[in-house]
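Q: I should like to learn how to read a structural model feature by feature. Could you take me through the main points in order?

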Amino acid sequence: MAKIIKLNLNTNLGKILGQIEMTPESDIVLEVSKEVEDSGIIENIKLYASRIQKTITIKNTDSFGKIGFVSGEDVSTNPITIINVTPKPKFKFSFKKPNIAPDLFSKTAKVFTGNKLPFLIIPAVLSIFLGIFLYLLYYQFHKANVFIKIESQVFTASKNVFVQAVKEENNDLAVNGKTVTKTLTEKAEGVPSGEKEIGENATGAIKIFNKTEKETTIKLGTEVTIKNGNSDLIFVTEKEVKIPAKTTQEIEDEGEIKKADVFGSAIINIIATNFGETYNLNKSSIDEKDISVKNLKSSEFAYEMESNTKGGTSKKVTAVIQKDIDQLVEDLEKRLQKKLAEALKNEVSSTEKVLEGGVNITYSLPVVNAKVGDEVEKLEVSLTGNADTLSFNKQELKDTIVATIIKDLPSEYTANEDNFEIFETVKSVDLNPTTKKVSSLTLAVKVENKIVAKSNTDKIKEDLEGISFKEATDYLSKIDNISDIKIIQSPNIPFLVKNMPKNKNNIKVEIQVVK
Amino acid sequence: MFSDKIVITMINLPKIKIPSRKSAKAEPQKQVINAGEDVFVLEIEKEELKIGLYTKKGDSIQNIGNEVISRDNYNFENSLSVPETIEEIKLKIKNLTALYPTKSKNLIIGITQRNIISYTTTVRIKRINSENKITQKEIDDFVEKIIANCKNEVLADKANISIELLNSDIIFTKVDGYITKEPQGMRGGTLEISIFVNFINADYLDEVITFTNNIGLNLITIASSIYAFNKALENNIDSNYMLIDINENTTNIGIIFAGELFYATYVSFGFNDLLEFIKTKHGLNTSEAVNALAGKTIDENILKSKNNLYDFYYELLSIRMQNAKKVKVLPENIKIIGKKSINTDKQLLINNLSSLNFKDEPVASVLNTDNLTFFDNTVLKVPKYSFIKNVALAKFCLKILDNKEN
């Protein structure tokens, strides 16, 4: 007879090889699912078996191997009932004549006649009563309670279930989704981490001399460049100024009247184009040639510092940088994500469920109390998140998936329909292209249940009739996934032979499923 | 050294566009490539997850935290969508960042060869204009077509699955028979390109992407651990070696020529299988079985069992190596890595592999993190043997980030 070994993907290969080596049988049947067959370990097992002159036959249990069924569990294609044990022939108690030769019987009969008869009748009667008593004991009073504990096995399956705002009619795995929305606004504060320089611009005045015969107008904002060392400092005029043309005047020079040119001149106020102490200049250190005005030829105009330029200052202050705003926005988004997910869960009743992975959030533009470069002591950002998702009815989901999964359950097993455990994970979120709201969710749903092989107690009783306790125990231990066997005999008479009752109606079988 | 596959008509193939995969979204998230200097590594094996956090320090990398999640008779590779697994990993990541508050979310995931389909092909192309210089664009076009062809060949063998390209490398090129790593600018009538590609099951890839979204990290790449290990080794240009990665339930094998992975495969057998066999057959407990496998027993029967089993294990490895059809001669330098590499009886391994066709007498060495010159273990030491691939994955990821930045 072949040895049957069951294996699944989690079975240790070395253990299997050890079992193959240890078993006395040379023919071994491996009960495996397709998954195990495809995993490549079967070739390794066959190779090893051939080294020790044993043959391996593979029994594919894939008739049970529908999607999700835990591979490799006890899935024999034979009905999961008891492997037959040929019970001992039933002992029929009868008042048959002893098999004594007739002449001897007649001699014996003579012995029972005459004076000795009364003494011999008593043992005979006693024997008869004893026989009746034993008959009653074995057939009527002898009872046995058989307690069996069977371990349930985990049955798991996974399916994709679709939660849809508009449920598809012909899709067995679609459930109704209800749109749930929530809007929250959160605020965050931070301290700016940037730095900038601010200050005052220096002001002063220059005098321009017009050597031409034409009046010249210097417009407001005209650039005045003053060279200080290696730096060209740019100032601008603060208002429009007209510079008169040169005139000719008669002057007395050593007794003679001579004509002389008198240049036109004007004083112009200037302001530095940038802040800082650099622009504070001492007029005594600036030469005429260090000053130039845009669009004026140096041959036609001359310049001098009318006064020192002063008032230029600079200092570093804390200012807002983009990273400050981005960091606060990032923190707000994280906070909003969590809070919105919780809020959505609270929006639905206890019969509905919302999954965090199925939440779609859009954020408004953040509202900030300052922009980049601003000098503020505290940066405040507020952000509004609009979240939407689809909730689903927990019972509807369970019913939908259980209805599908039940079809995959092998006929020899039974599941407790109330004990399906459901685990959902969001696989993908689809948005309506127009409304940009969640229109469907694809959930990866895993179900688990503890299943038990169906047992035929009538068959068990029939097969246990009259056999010894040891045989009964061996017989019962062949039940799949059995974890404990207890046989309690009554009456509990010490000398009573440890056999099962002859009458199957006196055998009570109790099966307890252990989780 | 290699057997060639000659395809003269490749140049006439239509241009096949490799579709890009939309990542499965578990929740709305911005995909930002953060070219920072810290990186998370998650190594997924059947009964164990190893998580490491690494930082770049000049030319070296340092480990600044590591966590391990182990569970017997469990399969993490198939449990990436289990909420308990996700929560446990998130907690471990939180533990790591509690001590070192990095802003980086860069993650590389290392997986075993079991979930990868590796493929090597060599194609010879007859160029229409042999006097024209070979350009980078020409090579890129050929490579794209070759990869598409590889994908079709893989799918022809494995029906009802869809696969995605994970990574590809040119192992070598030949121009008119002359081997070169840089054929650009050369002229020639025939161009031979040898390519190694790694494909991954598309559903599994989706699962991994969903998983990384669930744990709140940015996935930079997924790589098989031996592929990343080879990429991370420095100064291995033009080196030829075999890589045997011994773990608890899987042994990964790689054959490297001229610094490039040429062939990769695995055996569903590891150290735990050896242990369980000895325990089952001789009724030993775990520590007795470990000693027995190390040869520390005087029981002749146990020693005999141990030797027979190792014979079998190495026979499995040898069969896998023989399946590398395009490899006529194996490199003699054998490097052994992995959590259980320290238990290897090197001489026994060499004896068992000696029937294969090696270039020279094979030599085996066991590597650990001390052999990785780019790893600075002065800050935090890691388990030397079990974390060697974790460190290599970190190096590989940082290389990718450096390239992206440049």
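A: The dialogue below moves from whole chains to helices and then to single residues. Please bear in mind that this is a predicted model.

Q: How many helices and strands does chain A have, and how many does chain B have?

A: One begins with an inventory of the secondary structure. Chain A comes to nine helices and 27 strands. Chain B has nine helices and 15 strands.

Q: What share of the residues in each chain is buried?

A: Burial is judged by relative accessible area, with buried meaning under 20%. In chain A, 37% of the 515 residues count as buried. In chain B, buried residues make up 55% of the 406 residues. As for surface, chain A exposes about 29,700 Å², of which carbon and sulfur atoms supply 51%. Chain B exposes about 17,700 Å², and there carbon and sulfur atoms supply 48%.

Q: What percentage of the contacts between residues at least 6 apart in sequence joins residues at least 24 apart?

A: This figure describes how contacts are spread along the sequence. The value is 77% in chain A and 72% in chain B.

Q: How should I read the packing of helix α5 of chain B against helix α7 of chain B?

A: One reads the angle, the distance between axes, the handedness and then the residues. Helix α5(B), residues 271–282, and helix α7(B), residues 300–322, pack at an angle of about 145° with their axes 11 Å apart. The crossing is right-handed. From α5(B), the contact is made by F271(B), L274(B), F277(B), I278(B), K281(B) and H282(B). The residues on the α7(B) side include I302(B), S305(B), L309(B) and Y313(B). By class, the contact has eight nonpolar, three polar and two charged residues.

Q: Why do contacting residues recur at such spacings along a helix?

A: An α-helix has 3.6 residues a turn, so residues three or four places apart point the same way.

Q: Why is helix α4 of chain B described as largely enclosed?

A: One counts its buried residues. In α4(B), residues 225–232, seven of the eight residues are buried, so the helix is largely enclosed by the rest of the structure. The buried residues are S225(B), I226(B), Y227(B), A228(B), F229(B), N230(B) and A232(B).

Q: Is N368(B) buried or exposed, and what does its side chain reach?

A: For a polar residue, one reads burial and polar partners together. N368(B) lies in the loop between β14 and β15 of chain B, and it is buried because its relative accessibility is 9%. Its side chain reaches the backbone nitrogen of D370(B) at 2.7 Å. The side chain of N368(B) also makes a polar contact with the side chain of Y385(B), at 3.4 Å. Beyond its neighbours within four places in sequence, N368(B) is in contact with K384(B), Y385(B) and I388(B).

Q: Where does V514(A) lie, and which residues does it contact?

A: V514(A) is in strand β27 of chain A, residues 507–514. With 25% relative accessibility, V514(A) counts as partly exposed. Setting aside neighbours within four places in sequence, V514(A) is in contact with K149(A), I150(A), E151(A), S152(A) and S483(A).

Q: What is the phi of Q53(A) and of K436(A)?

A: One looks here at the sign of phi and at the residue type. Q53(A) has a positive phi of about 55° although it is not a glycine. Q53(A) is in the loop between α3 and β3 of chain A, and at 67% relative accessibility it counts as exposed. K436(A), also a residue other than glycine, has a positive phi near 60°. K436(A) is found in the loop between β24 and β25 of chain A, and K436(A) is exposed, with a relative accessible area of 52%.

How values were computed
Residues are numbered from 1 along each chain as its sequence is written. Chains are lettered from A and ligands numbered from 1 in the order in which they are written. This is a predicted model: local features need pLDDT of at least 70, side-chain atom pairs count only at pLDDT 80 or more; totals for chains, interfaces and linings use all residues. Side-chain values use heavy atoms; hydrogens and water are left out. Helices (H or I, at least four residues) and strands (E, at least two) are DSSP runs, numbered from the N terminus. Buried means under 20% relative accessible area, exposed over 50%, partly exposed in between (1.4 Å probe, protein chains only). A polar contact is a pair of N or O atoms within 3.5 Å; within protein, one must be able to donate a hydrogen and the other to accept it, and residues adjacent in sequence count only if both atoms are side-chain atoms. Contact means heavy atoms within 4.5 Å. Accessible areas come from the Shrake-Rupley method with a 1.4 Å probe; for residues, only the protein chains shown count as cover. Axes are lines fitted to C-alpha atoms, for helices over the stretch in contact, and angles run from 0 to 180 degrees between N-to-C directions. A crossing is left-handed if the near helix is turned anticlockwise from the far one by less than a right angle, and right-handed if clockwise. Ala, Val, Leu, Ile, Met, Phe, Trp, Tyr, Cys and Pro count as nonpolar, Asp, Glu, Lys and Arg as charged, and the others, Gly among them, as polar.
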